[in-house]
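Below is a note on the fold, written as numbered points. It is meant to be read beside the coordinates.

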Amino acid sequence: MSESTMTATPVDSAEQGVRPFKLGDYPLLAGPFVHLRAERERLAALRWQHFDARQVAATLGAEISGVDLTVPQPPEVIAELRRALHDYKVLFFRDQPLTPDQHVAFARRFGELEIHPALAASSDQPELVRFEKGAQMVGVENAWHHDVTWREQPSMGAILHAVAVPAIGGDTLFSDMYAAYESLDAETRTEIDDLDAVHDFTRAFGAHASPEQQAEMRRRNPSVTHPVVATHAETGRKHLYVNRIFTDHIVGYEPDRSHTLIDRLARAADYPEHQVRLTWQPHTVAFWDNRAVQHYAASDYWPQPRIVERASIIGPRPTR
């Protein structure tokens, strides 16, 4: 594509003269994502006492080595892992053959664990959600989302263990919601900073239910309202907190305007510059900050089996 085919419309940047630009009339950015520079360089300078961390993408993702998750870790290691999670947003551990008991025990070191009301649990531990996909049960998690935003207190984080993975495919992608927010132009940020959105359990889990069944689902899991832009309880940074799966509408907006805005904000997760991609191996573990990132499980492995188990840690209610 030549420069003559693009219409350069500058958007806000921390550095004058080097800016991404909009592609003509499309709501897409091209050019250098300079808003990533400070965070990329900050992460590159981090050093850790109890493990090694290899940064694997611009602003998120680190592969952790030197920690054995199958045995109890001392409090100082857990505290440092928590800090690393807040910095890198998602941590990857290789060769961690966790039993269900060990998985739950490790996750519980970070807080109280949730029990999902709809997804199948592991036969060994009710706190583990088991995603067992293959020829008969297809993967449908291939849309960007934070987990369980329909809860009053959604997950603060989740720990996913690969039990069995296909030889090719089934990767999980993570997208930085701090960077997504920072990529927006000043006018959009001003519009959304004080908006709220309604999140509804039935958008995903009641998609094929009757109206009566949906009403019962809402009785058990009432719709909740969260800020469109939330402030992370630990880092104090602003991040986007809407997704197409669970976010029903923007409070005070007409349906068409609400739908358009949610879709436009959700597109900020699509940029590869905001992402890291994990190719699973047996007994890989991913631990992500469910506030700072959204994730997307690629559904490109059917009919091969893919079995993973997840423990989720209850977080505080999102606030502005």
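1. Helix α2 (75-88) has these buried residues: V77, I78, E80, L81, A84, L85, H86, D87 and Y88. The list takes in charged residues, E80 and D87 among them. The cover over the buried residues of α2 includes two helices, α1 (37-44) and α3, and the strands β4 (52-55), β5, β6 and β16. This is a predicted model, and the remarks here should be read as such.

2. The length of α2 is as expected for a helix. Its 14 residues should span 20 Å at 1.5 Å a residue, and the C-alpha atoms at its ends are 20 Å apart, so the two figures agree.

3. K89 comes after α2 and has a positive phi, near 75°. The residue is not a glycine, and its place is in the loop between α2 and β6. Is K89 buried or exposed? With a relative accessible area of 0%, K89 is buried, because the cut-off for that class is under 20%.

4. D95 also calls for a look at the backbone. Phi of D95 is positive, near 55°, and D95 is not a glycine either. D95 lies in the loop between β6 and α3. Its relative accessible area is 59%, so D95 counts as exposed, whereas K89 is buried.

5. The largest nonpolar core has 28 residues. Those that touch the most other members are I64, L81, L91, F93, F106, F110 and F287. Two or more residues each come from β5 (62-65), α2, β6 (90-93), α3 (100-108), β8 (155-164), β16 (285-289) and β18 (306-314). Helix α2 gives the largest share, six residues. Nonpolar side chains tend to be buried together in soluble globular proteins.

6. Which residues does I64 touch, its neighbours within four places in sequence left aside? The contacts of I64 are F51, D52, A53, L81, L91, F92 and F93. Of these, L81, L91 and F93 are also listed among the core residues that touch the most other members. A core of 20 residues lies apart from the largest one, and its members include L173, L195, V242 and Y253.

7. Seven strands form an open sheet with mixed pairing, in the order β4-β5-β6-β16-β8-β18-β7. At the edges are β4 and β7 (128-133), each paired on one side only. From one strand to the next the twist averages 20°. Helix α3 lies across β7, β8, β16 and β18 of this sheet, and runs at about 30° to β18.

8. Within that sheet, β8 and β16 are antiparallel and share five bridges. One of the bridges joins I159 to F287 in β16; F287 is also one of the core residues that touch the most other members.

9. L160 is in strand β8 and is buried, because its relative accessibility is 6%. Leaving aside neighbours within four places in sequence, the contacts of L160 are W280, T284, V285, A286, W288, V308, E309 and R310. The C-alpha atoms of L160 and A311 are 6.6 Å apart, although 151 residues separate the two in sequence.

10. An open sheet of three strands has antiparallel pairing and the order β15-β9-β17. Why do β15 (275-278) and β17 (293-297) each have one side without a neighbour in the sheet? Both stand at the edges and have a single partner strand, so the other side stays unpaired within the sheet. Neighbouring strands here are turned by 20° against each other on average, direction ignored.

11. Strand β9 (residues 172-176) pairs with β15 over four bridges and with β17 over five, in the antiparallel sense in both cases. Towards β15, S175 has Q275 as its bridge partner and L173 has R277. Towards β17, D176 stands opposite V293.

12. Five of the five residues of β9 are buried. T172, F174 and D176 are on one side of the strand and L173 and S175 on the other, so that both faces are covered. L173 is also a member of the core of 20 residues.

13. A last backbone point concerns P303, in the loop between β17 and β18. The peptide bond that leads from W302 to P303 is cis, and its omega is near 5°.

Terms used:
Residues numbered from 1 in each chain as written. Predicted model: local features only at pLDDT ≥ 70, side-chain atom pairs only at ≥ 80, totals over all residues. Heavy atoms only, no water. Pairing = 2+ DSSP bridges. Axes fitted to C-alpha atoms, helices over the stretch in contact; angles between N-to-C directions. Buried < 20%, exposed > 50% of the residue type's maximum accessible area, 1.4 Å probe, protein only. Core = buried A, V, L, I, M, F, W, Y, C linked by side-chain atoms within 4.5 Å. Contact = heavy atoms within 4.5 Å. Expected span 1.5 Å × (residues − 1).
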